[in-house]
Amino acid sequence: MADREYGFDTLKILAGYDSADNKYSVSPPIYHTAAFDFRDTEHAENLFTYKEAGYLYTRVGNPTVTYFSERVKALEGAKNAVAVGSGMAAITFTLLNLAAKGGTILASPYLYGGTIDSFDRLFPEVGVKIKLTRSVLDPAELDKELAESDDVKGIYLESISNPNAYLPDIDAISKVAHKYGVPVVVDNTVATPYIYRPLEHGADIVVYSATKGLTGHGNIIAGLILDNGKLDYYTEDKYPQFYEPIVMLKGKSPKDVFPDNFFIFRAILVYLNLLGAALSPNDAYLGILGLETLSERVAKQSSNALKIAEYLESSPAVEWVRYPKLSSYKYKEVADKHLTRGGGGLLSFGIKGSKEQEALFLNNLKLFHYLVNLGDVRSLIVNSPDTTHSELTDEEKELADIPANLIRISVGLEDVNDLIKDLDQAFKAAGLLDADSSAA
Ligand SMILES: Cc1ncc(COP(=O)(O)O)c(C=O)c1O
């Protein structure tokens with residue numbers, strides 16, 4: 001199917017799946033199998049050496065998982081895609097694939113806490129240096145940084161960041177990175193392709209935690225890696241890992257076997273295959289169901305989030321609010337230009353008062369779920385500095401703009417007036433608002 005002929009909302013319903021391949025089953029079947037029969041020994045050899053396309057073992061490929069990744073590929077406008085067992089697997093496999101022979105990844109400090117934790121603890125163990133620096137977000141500073149170093153293998157950032165909902169100018173950042181032949185990786189988890197598609201803004205690789213708003217029901221752990229198919233950055237001198245023969249490929253390299261898809265192919269062959277964080281077909285199926293309502297969910301979450309952000313900004317219980325559609329937003333110009341479908345469901349705010357009052361506020365909420373996930377149909381709330389970002393050092397928290405009183409909200413699909421009333425009564429219970437004041 002020439003997927004790009006269709007609009008986003010059509011693609012989210014039908015891309016990547018043809019019922020004629022499955023006895024006209026309108027809903028994609030769940031291929032609940034660990035392995036697939038070989039027709040004969042020749043078929044086995046062909047599959048093992050990638051001479052023939054097909055499935056042999058679910059850790060490295062399964063039709064239901066492919067339907068899921070093909071659908072996201074169409075929504076993202078990507079060339080190649082693979083679905084994996086979690087967002088962390090997608091991030092780790094991507095960065096290991098870029099820096100397989102060592103080198104540095106320059107990363108924005110505005111990232112999910114687990115990502116920063118992996119940068120501090122996992123990557124140094126395997127010889128990959130990750131430098132967290134705000135210069136990634138400033139094209140002039142990035143230019144200087146890249147001019148001074150010749151071992152940078154990739155730039156890493158989040159589009160709409162967790163927890164501050166910052167959207168940097170990815171067009172400008174990519175332009176500078178490409179001047180130095182460095183690919184740009186964007187974690188687009190918070191944004192989802194409904195409101196922002198990084199490949200259209202110059203990024204080369206997109207990663208997702210599909211656990212979040214992409215699938216949207218808080219019922220699976222999943223991840224994806226997608227690329228734009230522009231692979232000429234990976235020259236043999238700088239990225240020899242794509243040109244080295246692999247025994248399993250009978251002496252051929254990933255570049256020899258899949259010249260148009262060697263980045264993701266190597267990630268599958270080496271990391272998905274050997275580290276093994278495969279997505280289960282059952283979860284891929286739930287992911288496909290979630291994608292079917294992506295636009296409707298994110299549109300409503302965006303309109304609910306804006307109303308909540310405006311309520312919070314007017315509340316005497318709140319010091320500040322970060323949300324892309326507020327006039328106070330740090331990256332307002334970028335957001336106004338690029339977030340034409342809404343600001344998404346994530347916002348953060350600084351709560352006034354003591355830590356005890358913050359605890360009273362959180363403990364008195366009735367509708368918001370107090371937990372670490374985001375992008376769910378339910379509204380979620382969390383004190384990020386003490387939970388999702390608690391692994392960060394004080395310096396990293398400062399660099400990431402995460403003060404001790406930050407509260408993150410992921411807005412769901414409930415009646416927004418009920419959500420605002422719930423916040424209001426919890427502020428009152430915490431003694432942060434007068435008992436007789438009324439919600440906006
Ligand atoms: C922006 C972002 N990226 C990646 C991850 C990791 O994803 P997962 O939990 O699916 O491994 C998270 C998890 O919270 C996240 O918020």
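How far is an oxygen atom of the ligand from a polar backbone atom of M88? The distance is 2.9 Å.

This is a predicted model, in which local features need pLDDT of at least 70, side-chain atom pairs count only at pLDDT 80 or more, and totals for chains, interfaces and linings use all residues. Residues are numbered from 1 along each chain as its sequence is written, and side-chain values use heavy atoms, with hydrogens and water left out.

**View 1. The ligand and its surrounding residues.** Around the ligand are 13 residues (near: a heavy atom within 4 Å). M88, D187, S209, T211 and K212 come nearest. The D187 side chain has an N or O atom 2.6 Å from a ligand nitrogen. For T211, a side-chain N or O atom is 2.6 Å from a ligand oxygen. On its own, the ligand has 390 Å² of accessible area (Shrake-Rupley method, 1.4 Å probe), and the protein covers 92% of that.

**View 2. K212 in its loop.** K212 sits between strand 6 (205-209) and strand 7 (223-227) (DSSP E runs of at least two residues, numbered from the N terminus). K212 is buried (under 20% relative accessible area, 1.4 Å probe, protein chains only), because its value is 16%. An unreviewed UniProt entry places "modified residue: N6-(pyridoxal phosphate)lysine" here, at K212; such annotations may be inferred rather than shown by experiment.

**View 3. A nonpolar surface patch.** Y6, I13 and L14 make a patch of about 240 Å². Patch residues have over 30% relative accessible area and no salt bridge (Lys or Arg side-chain nitrogen within 4 Å of an Asp or Glu carboxyl oxygen); nonpolar side chains (Val, Leu, Ile, Met, Phe, Trp, Tyr) are joined within 5 Å, like charges within 9 Å. I13 belongs to helix 1 (residues 8-14; DSSP H or I, at least four residues). At 45%, I13 is partly exposed (between 20% and 50%).

Note on methods. Polar contact = N/O pair within 3.5 Å; in protein donor to acceptor, adjacent residues only side chain to side chain.
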